[in-house]
Amino acid sequence: MEIIFESVPQEVVDEISASILDITFNHLRTVKIYGVLLEEVDMWLIKVLLAKSAALVKMIVMPPDEQGLSLPSPDRLSNLDIHLIDDILTLRHLYLKECEIQLPCFFKGFNKLIRLILKSVTLSSDTFESLISYCPLLEDLVLKDIDNPYFMSINAPKLRSFVFRGDIQLIHLENVPVLSNVLYAPRELVLEDEDDFVNIFSSIPSLECFSWDHFEVDNGSTKVIPTRLPSVLNCLKRLFMSWITLGEFFELSFALFIIRSSPNFEEIEIKECILSDGDYFESVPQEVVDEIPASFSDITFKHLRTVKFYDVLLEEVEMHLIKVLLAKSPALVKMVIKPHQMETNKSLNVLAEIKKFQRASSKAEVVYLVD
C-alpha cells in the first residue's frame, strides 16, 4: 500500500472515519506511506491502520524530501491522538530514509521495536545514541549513508544483526554481547595501529558470520596491518569477502588477518575484483607471498567444510592460499574455484597443479568452474 496525500477536507475525513468503523483488515501485513507531513489526516490514517490490522508486521512512514521526521508533542493533541503516539511507539519495524530525525523531549523509546533501518538520514550523535538505547528489544540494525561526521556509539544488548555502510571509524559497538551477524561496507578505512584492527572485532564476542564488501573502501592511509588478533574469534563460522583484490597488499593482509584469527570456520567465500589496468595501489611484496605457508603452521581448520573462490587470477598468492586451506582442513567437503578469464591451456595446467596439492580430507572435492 502506497499513499501520497494532498489537501483533504475535514468533512471527508469524518465521513471516511465513520464508514470504516466496522472494518477489520485481517490479512494486512505491510503498509508504506510516502510523502506525509504527519498532520491531522496523516496521523488519523496511521492510527486507523494500526488499530484495524491485527496481522500488521511492518509500517513504513516516509516524509517528503528534505522534511524532518518528528513525533508531535502531546500538548497539541487530543486524548485520541495521544493513544496514537502509544501505538507508534510500539511498532516492531521502522524504516526511515532521506529525512532528518529529531526526537522530542517526551520520547521514551520504541519499546517493541526489533528492526530499525536508517538510510541517508541526518541526525546528531546524541539523537542516534538515544534512539538506539531506547529500543531495548532491537535485534536488527541497518545503517547506510548516515549524515553525521561524528563518533556514534551503539548500546544494544539484544542486537543480533548489524549492517553498516559508511566510515567504520565513527561507529563504536559498545555493548552488543549477542551480535552474531555483521556486514561492513565501509567507504573509508584508516587504521593507524594494531589497536584499530583489534577494536573492530574485540567488542563482538559472539560473532558467527562476517561479511566484508570492499567495493568503495579507500584504505590509502592505512599504516599497520597485524597478522592476527591477540585473541581468536572462536565463534566465527562463516566469512564472505567481496570486491577484494588479493594482489593488493592491504586487501590480502586483511583477508589473511581474518582467516588466521578464526580457527573454527565452517565456510569461506571470497569474490575477487580484478583491476582492468592490472595496476595495484601497493602490490604484495614477494617476501609476504613466500611467508604465507609458514604463517599457517600452527593452525588447523577442523570444522571448515566449504571454500569458494570466484574470479581469481590463480597467481602465486592465491595458489598458496588454496594449498594451505586444502592441507589444513581435515573436514573439507568441497572447494569451488572459478578463475577469472584465462587461456584454456593455462587453465588446464593450473587445474592439474591444484589436483596435486596435498589434502587433509579424503572427501575433499575440488570443483573447477570455467566459462
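This passage describes salt bridges, a charged surface patch and selected loop residues in a predicted model.

The structure holds 6 salt bridges. One of them joins Arg-115 and Asp-140. Their closest N and O atoms are 2.5 Å apart. Arg-115 belongs to strand β7, which covers residues 115-119. Asp-140 belongs to strand β8, which covers residues 140-144. The two positions are 25 residues apart in sequence, so the bridge ties together separate parts of the chain. The partners fall into separate accessibility classes. Arg-115 has a relative accessible area of 25% and is partly exposed. Asp-140, at 18%, counts as buried, because the cut-off for burial is under 20%.

A further salt bridge is formed by the side chains of Asp-145 and Arg-165. Here the N to O distance is 1.9 Å. This pair also links distant parts of the chain, with the two positions 20 residues apart in sequence numbering. Asp-145 sits in the loop between β8 and β9 (152-155). Arg-165 lies in strand β10, residues 161-165. Asp-145 is partly exposed, at 22% relative accessibility. Arg-165 is likewise partly exposed, at 22%.

Lys-271 and Glu-269 supply another bridge through their side chains. The N to O distance is 3.7 Å in this case, which falls inside the 4 Å limit for a salt bridge. Lys-271 is partly exposed, with 39% relative accessibility. Glu-269 is buried, with a relative accessible area of 12%. Elsewhere, shared partners connect salt bridges into one network, made up of Asp-145, Arg-165 and Arg-187.

Acidic residues also gather at the surface. Glu-287, Asp-290, Glu-291 and Glu-316 form a negative surface patch. Helix α7, spanning residues 286-295, gives the largest share of this patch, with 3 residues. Glu-287 is placed in helix α7.

The loop between α7 and β16 (306-312) contains Arg-305. Arg-305 is partly exposed, with a relative accessible area of 46%. In sequence, Arg-305 and Ala-364 are 59 residues apart. In space, their C-alpha atoms are separated by 8.5 Å.

Ser-361 occupies the loop between α9 (344-355) and β18 (365-368). Ser-361 is buried, at 6% relative accessible area. The side chain of Ser-361 reaches the backbone nitrogen of Lys-363. The distance of this contact is 3.2 Å, within the 3.5 Å cut-off for a polar contact.

Asp-167 is located in the loop between β10 and β11 (171-175). Asp-167 counts as partly exposed, at 21% relative accessibility. This value does not meet the burial criterion, because burial requires under 20%. Asp-167 and Phe-151 are 16 residues apart in sequence. Their C-alpha atoms are 9.8 Å apart in space.

Key: Residues numbered from 1 in each chain as written. Predicted model: local features only at pLDDT ≥ 70, side-chain atom pairs only at ≥ 80, totals over all residues. Heavy atoms only, no water. Patch = residues over 30% accessible without salt bridge, like charges linked within 9 Å, V, L, I, M, F, W, Y side chains within 5 Å. Areas by Shrake-Rupley, 256 points an atom, 1.4 Å probe, with all protein chains shown as cover. Lys, Arg positive; Asp, Glu negative; His and termini not counted. Charge placed at Lys NZ, Arg CZ, Asp CG, Glu CD. Helix = DSSP H or I, 4+ residues; strand = E, 2+ residues; numbered from the N terminus. Buried < 20%, exposed > 50% of the residue type's maximum accessible area, 1.4 Å probe, protein only. Polar contact = N/O pair within 3.5 Å; in protein donor to acceptor, adjacent residues only side chain to side chain.
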